[in-house]
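Me: I would like a close look at one part of this chain, taken slowly and with its surroundings in view. Please choose a single strand and a residue that faces it, and work outward from there.

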Amino acid sequence: MTGKIDHLLFEDESMIRDYQAIQKTWFLRGKQRIIQTTGKHRGVKLLATVDYVTGRIVWQEDEHYTAETFLIF
């Protein structure tokens with residue numbers, strides 16, 4: 001072992017939603033609109049790693065993830 005770093009990897013997780021969460025909005029008094037939504041909270045979870053030197057990206061898509069799936073990845 002030389003003490004040098006052979007590979008430097010950056011890893012993170014993310015969630016992409018296919019719906020918009022409406023938090024605040026405004027309407028003229030008496031003109032409130034009904035905003036249609038699907039009522040479904042679908043989305044995709046991504047785990048990804050980037051190799052700092054090569055720029056290679058390795059990723060995994062899943063319906064859900066936990067700390068254990070993150071560590072296994």
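Reply: A residue is called buried when its relative accessible area is under 20%, exposed when that value is over 50%, and partly exposed in between. With that cut-off in hand, and bearing in mind that this is a predicted model, we can turn to strand β3, which spans residues 57–62 and is hardly covered, since the count of buried residues among its six residues is zero.

The setting comes before the detail. The protein chain holds one helix and three strands, and from the N terminus on these elements follow the order β-β-β-α. Buried residues make up 5% of the 73 residues in the protein chain, and the chain exposes about 7400 Å², of which carbon and sulfur atoms supply 54%. Among the contacts with a separation of 6 or more, 54% are accounted for by residues 24 or more positions apart.

Strand β3 is joined to β2 by six bridges, and the two strands run antiparallel. Together β2 and β3 form a hairpin with five residues between them, and in the turn Gly 55 has a positive phi of about 80°.

Asp 62 lies in strand β3, and because its relative accessibility is 31%, this residue counts as partly exposed. Leaving aside neighbours within four places in sequence, Asp 62 is in contact with Val 44 and Lys 45. Gly 43 is 19 residues from Asp 62 in sequence, and the C-alpha atoms of the two are 9.5 Å apart in space.

Across from β3, the residue to follow is Thr 49, which sits in strand β2, residues 43–51, and stands opposite Val 58 in β3. Thr 49 has a relative accessible area of 11% and is therefore buried. Once residues up to four places away in sequence are set aside, Thr 49 touches Arg 56, Ile 57 and Val 58, and its contacts also include Leu 9, Phe 10, Glu 11 and Phe 73.

The contact with Glu 11 leads on to the other neighbour of β2. Strands β1 and β2 pair in the antiparallel sense over nine bridges, and the bridge partner of Glu 11 in β2 is Thr 49. The side chains of Thr 49 and Glu 11 are also joined by a polar contact of 3.5 Å. Thr 49 thus stands opposite Val 58 in β3 and is the bridge partner of Glu 11.

Finally, there is the nonpolar surface. A nonpolar patch of about 900 Å² is made by Ile 5, Leu 8, Phe 10, Val 50, Tyr 52, Val 53, Ile 57 and Trp 59. Two of its members, Phe 10 and Ile 57, are also among the residues that Thr 49 touches. Ile 5, another member of the patch, has its place in the segment before β1, which covers 9–17, and because its relative accessible area is 66%, Ile 5 is exposed. The part you asked about is therefore a strand with a count of zero buried residues, set opposite a residue of β2 that is itself buried.

How values were computed:
Residues are numbered from 1 along each chain as its sequence is written. This is a predicted model: local features need pLDDT of at least 70, side-chain atom pairs count only at pLDDT 80 or more; totals for chains, interfaces and linings use all residues. Side-chain values use heavy atoms; hydrogens and water are left out. Helices (H or I, at least four residues) and strands (E, at least two) are DSSP runs, numbered from the N terminus. Buried means under 20% relative accessible area, exposed over 50%, partly exposed in between (1.4 Å probe, protein chains only). Contact means heavy atoms within 4.5 Å. Accessible areas come from the Shrake-Rupley method with a 1.4 Å probe; for residues, only the protein chains shown count as cover. Patches are made of residues with over 30% relative accessible area and no salt bridge: like charges are joined within 9 Å, nonpolar side chains (Val, Leu, Ile, Met, Phe, Trp, Tyr) within 5 Å. A salt bridge is a side-chain nitrogen of Lys or Arg within 4 Å of a carboxyl oxygen of Asp or Glu. A polar contact is a pair of N or O atoms within 3.5 Å; within protein, one must be able to donate a hydrogen and the other to accept it, and residues adjacent in sequence count only if both atoms are side-chain atoms. Two strands pair if DSSP finds at least two bridges between them.
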